[in-house]
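Me: I would be grateful for a close examination of one site and its surroundings, set out in a single connected account. Please give the cut-offs behind each term when it is introduced.

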Amino acid sequence: MEPLILAVAAAIAVGLAAARATRRAKRRRPRPRAASHSYPGDFSGRVDVRYSPRPDGSPDPGEIVWTWVPFEEDHSRGKDRPVLLIGTDGPWLLGLQLTSKDHDLDAAREARWGRHWQDIGTGAWDSRRRPSEVRLDRIVRVDPSAIRREGAVLPRARFDSVAHSLTRLHHW
């Protein structure tokens, strides 16, 4: 009987070790990289903001997608994050990055640094349904082939509110 108990205990230990190794490997998986061609920099200029989501599996303005967003200070580095698509620039999609961090308490400090945020509520783009904010002052270019997944369609009224805020902030 004792060898049977030892065998069962060993099998359980091996299974637990394999599960831990799988969790560690998932945490260490490679981060998404920028598209194969270099990032041309953030968009500056007037955007023809439009709402045109289509349920066709392709990214469209009005949708929130997950993609690699370069850091402002170093475009060779970045982070995978949700982005609200607002228009196009040639082959690039144009988008606004989202965050679940609440900037309401530090809005004055953020504005001093030129950063402006707007609440857009919750949606299917965040698996934990946390309230999100969209950054209005930075318009990023997104390579359509670098989009990891579509997160959700932003409701039209919320998109129109973001478009109005963009127009006001950028004086379009």
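Where does H103 lie?

Reply: H103 lies in the loop between β3 and α2, the helix that spans 107-112. The structure is a predicted model, in which local features require a pLDDT of at least 70 and side-chain atom pairs count only at pLDDT 80 or more, whereas totals for chains, interfaces and linings use all residues. Residues are numbered from 1 along each chain as its sequence is written, and side-chain values rest on heavy atoms, with hydrogens and water left out.

The setting of this loop is as follows. The protein has three helices and seven strands, where helices (H or I, at least four residues) and strands (E, at least two) are DSSP runs numbered from the N terminus. Along the sequence these elements follow the pattern α-β-β-β-α-β-β-β-β-α. Buried residues, meaning those under 20% relative accessible area (exposed is over 50%, partly exposed in between, with a 1.4 Å probe and protein chains only), make up 35% of the 172 residues. The accessible surface comes to about 10600 Å², and carbon and sulfur atoms hold 54% of this area; the areas come from the Shrake-Rupley method with a 1.4 Å probe, and for residues only the protein chains shown count as cover. With a contact defined as heavy atoms within 4.5 Å, residues 24 or more positions apart account for 62% of the contacts that have a separation of 6 or more.

To return to the site, H103 counts as buried because its relative accessible area is 6%. Residues up to four places away in sequence aside, H103 touches E110, W117 and E133. The first of these partners, E110, belongs to helix α2 and is likewise buried, since its relative accessibility is 5%. Beyond its neighbours within four places in sequence, E110 is in contact with H103, R115 and W117. W117 is thus a partner of H103 and also of E110.

W117 leads on to a pocket. On a 1 Å grid over the protein atoms alone, a pocket is an open set of points where a 1.4 Å probe fits, with protein on both sides within 12 Å along at least five of seven lines; its lining residues have an atom within 4 Å of a point. Grid points are joined across faces, edges and corners, and a volume is the space filled by probe spheres set on the points. The second largest pocket holds about 240 Å³ of space. It is lined by 16 residues, of which E72, R81, Q97, W117 and R135 are the closest to its centre. Strands β1 (63-70), β2 (78-89) and β3 (92-99) each contribute at least two residues to this lining. By class, the lining comprises nine charged, four nonpolar and three polar residues, with Asp, Glu, Lys and Arg counted as charged, Ala, Val, Leu, Ile, Met, Phe, Trp, Tyr, Cys and Pro as nonpolar, and the others, Gly among them, as polar.

W117 and Q97 both recur in the surroundings of V134. V134 is situated in strand β5, residues 132-135, and is buried, because its relative accessibility is 0%. Leaving out residues up to four places away in sequence, V134 touches L84, L96, Q97, L98, H116, W117, Q118, I120 and V162. Its C-alpha atom is 8.5 Å from that of H116, which is 18 residues away in sequence.

V134 is also part of a nonpolar core, that is, a set of buried Ala, Val, Leu, Ile, Met, Phe, Trp, Tyr and Cys residues joined through side-chain atoms within 4.5 Å. In soluble globular proteins, nonpolar side chains tend to be buried together. The largest such core has 19 residues, and L84, I86, L96, I120, W125, V134 and V162 touch the most other members. β1, β2, β3 and α3 (156-170) each supply at least two of its residues. A separate core of nine residues includes V83, L93, V142 and I147.

Helix α3 also contains S161, which is partly exposed because its relative accessibility is 33%. The C-alpha atoms of S161 and Q118 are 9.1 Å apart, although 43 residues separate the two along the chain.
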